[in-house]
Amino acid sequence: MIPFNRPYMTGKELWNISQAHHNGQLSGDGPFTKKCHQWFQRELGCHRALLTHSCTAALEMAAILADVKPGDEIIMPSYTFVSTANAFVLRGGVPVFIDIREDTLNLDETKIEAAITNRTVAIVPVHYAGVGCEMDTIMEIARRYNLLVVEDAAQGLMALYRGRHLGTIGHLGTLSFHETKNITSGEGGALLINDERFVARAEIIREKGTNRSRFFRGEVDKYTWVNIGSSFLPGELIAAFLAAQLEEAAEITRTRLDIWDRYHVALADMEASGKVRRPVIPGDCTHNAHLYHLRLPDSHQRARFIAAMENEGIHTVFHYIPLHSSPAGVKYCRVNGVMTVTDAVSDCLVRLPLWIDMTEEQVNHVVAAIGAYFQAISSERREPMSGRLSASGRFVGSCDG
Ligand SMILES: *Cc1c(COP(=O)(O)O)cnc(C)c1O
């Protein structure tokens with residue numbers, strides 16, 4: 001079986017963990033955490049980075065920093081992971097969902113202004129598949145309406161928009177190192193602070209509402225409870241693991257891009273003949289090959305596709321159930337405008353296996369299996385008397401809804 005994902009280990013993680021053990025500090029903010037912070041600040045160009053125990057935690061910190069009050073509205077896509085919305089709902093905020101773009105599947109920036117009310121406080125662009133949202137437009141709208149921008153860059157480490165790293169463009173950005181992401185520590189995340197006004201308070205929020213960070217820098221002579229906060233920092237073992245992965249971030253990204261490119265070239269003809277749609281990468285974006293997805297004509301075709309791949313020993317998976325149609329989404333959130341693209345994409349998108357140690361033969365096998373599947377479909381269409389041409393035989397080349 002070719003799995004959908006297999007976490008990659010650089011081989012240096014255990015050495016780092018043994019060093020952390022040797023150092024004798026296992027709680028957070030030790031040498032490995034500092035090393036990770038410096039890596040982000042140097043390699044990504046953010047003003048300040050703070051490791052968290054997940055991207056979810058970083059989003060929760062962002063919601064506290066944004067001073068979200070009950071009833072405040074936050075504009076975001078519905079086609080995303082639950083934490084994008086849940087972090088703000090925990091503060092009493094109301095996520096306002098707008099539709100996504102037909103090409104990148106990112107927040108449709110042309111629909112933001114229509115969703116702004118006098119309760120709007122923030123915009124949360126999610127960089128789906130590590131492909132940048134139209135950040136220049138989003139930042140310009142945010143400036144004009146005095147809104148905060150929190151980039152959910154959970155999938156976006158090492159990807160760029162107009163030469164800038166995803167997560168470093170908005171006021172705040174969040175990263176994930178969950179096992180399913182390109183760079184991983186099992187569970188893990190980071191808050192990137194690009195607007196220095198937020199640094200002092202972010203340190204307090206992350207350290208249980210205390211000024212412990214200032215105390216350790218010798219800036220105050222005792223530490224005490226100064227504001228609301230929680231425990232958002234990971235222990236040193238996680239940071240030690242992550243530090244090993246960060247050192248190889250460039251190579252990891254390059255290897256993933258090679259696999260992604262092989263899929264993209266091999267599936268070009270199938271897109272040209274209207275069988276599938278491949279991902280779209282705008283000229284302004286350098287992506288990080290976080291995932292390779294295809295869009296099939298509808299949910300029925302997708303189910304058939306996934307089953308056919310399963311038969312070939314290939315594990316493919318669909319992605320988000322839109323938050324606006326989830327039970328908590330209905331209860332806590334609101335929709336602005338139509339959700340045509342979101343609903344269609346949720347029905348017809350499938351993700352192919354993509355992980356570092358995939359061999360060329362495995363990639364070729366996936367491509368060949370996809371080819372054979374569509375061959376079988378089209379011979380069904382040419383034999384209408386076979387009785388196999390049911391509604392399922394109908395095949396059109398788009399999933400515009
Ligand atoms: C993975 C993911 C998250 C959550 O990350 P965790 O580190 O697991 O909390 C949030 N948003 C998006 C878009 C994600 O892909």
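1. In this predicted model, Ile-123 is found opposite Val-149 of strand S5. The two strands concerned, S4 (residues 120-123) and S5, run parallel and are joined by 2 bridges.

2. The connection from S4 to S5 deserves attention. Together with helix H6 (residues 135-145), S4 and S5 make up a β-α-β unit, and this unit is right-handed.

3. Strand S5 also pairs with strand S8 (residues 172-176); here 3 bridges are present and the strands run parallel. Within this pairing, Glu-151 lies opposite Gly-173 of S8.

4. As to its surroundings, S5 (residues 148-152) is mostly covered, with 5 of its 5 residues buried. In a regular strand, side chains alternate between the two faces of the sheet. In S5, Leu-148, Val-150 and Asp-152 point one way, while Val-149 and Glu-151 point the other way. The acidic residues Asp-152 and Glu-151 are thus to be noted among the buried positions of this strand.

5. A further sheet merits separate comment. It is open and consists of 3 strands in the order S7-S6-S10, with antiparallel pairing. Strands S7 (164-165) and S10 (285-286) are at the edges and each has a single partner strand, so one side of each lacks a neighbour in the sheet.

6. Which residue of S7 stands opposite Tyr-161? The residue is Arg-164. The strands S6 (residues 160-161) and S7 are paired in the antiparallel sense over 2 bridges.

Conventions. Residues numbered from 1 in each chain as written. Predicted model: local features only at pLDDT ≥ 70, side-chain atom pairs only at ≥ 80, totals over all residues. Heavy atoms only, no water. Pairing = 2+ DSSP bridges. Helix = DSSP H or I, 4+ residues; strand = E, 2+ residues; numbered from the N terminus. Buried < 20%, exposed > 50% of the residue type's maximum accessible area, 1.4 Å probe, protein only. Right-handed = clockwise from strand over helix to strand, strands pointing away.
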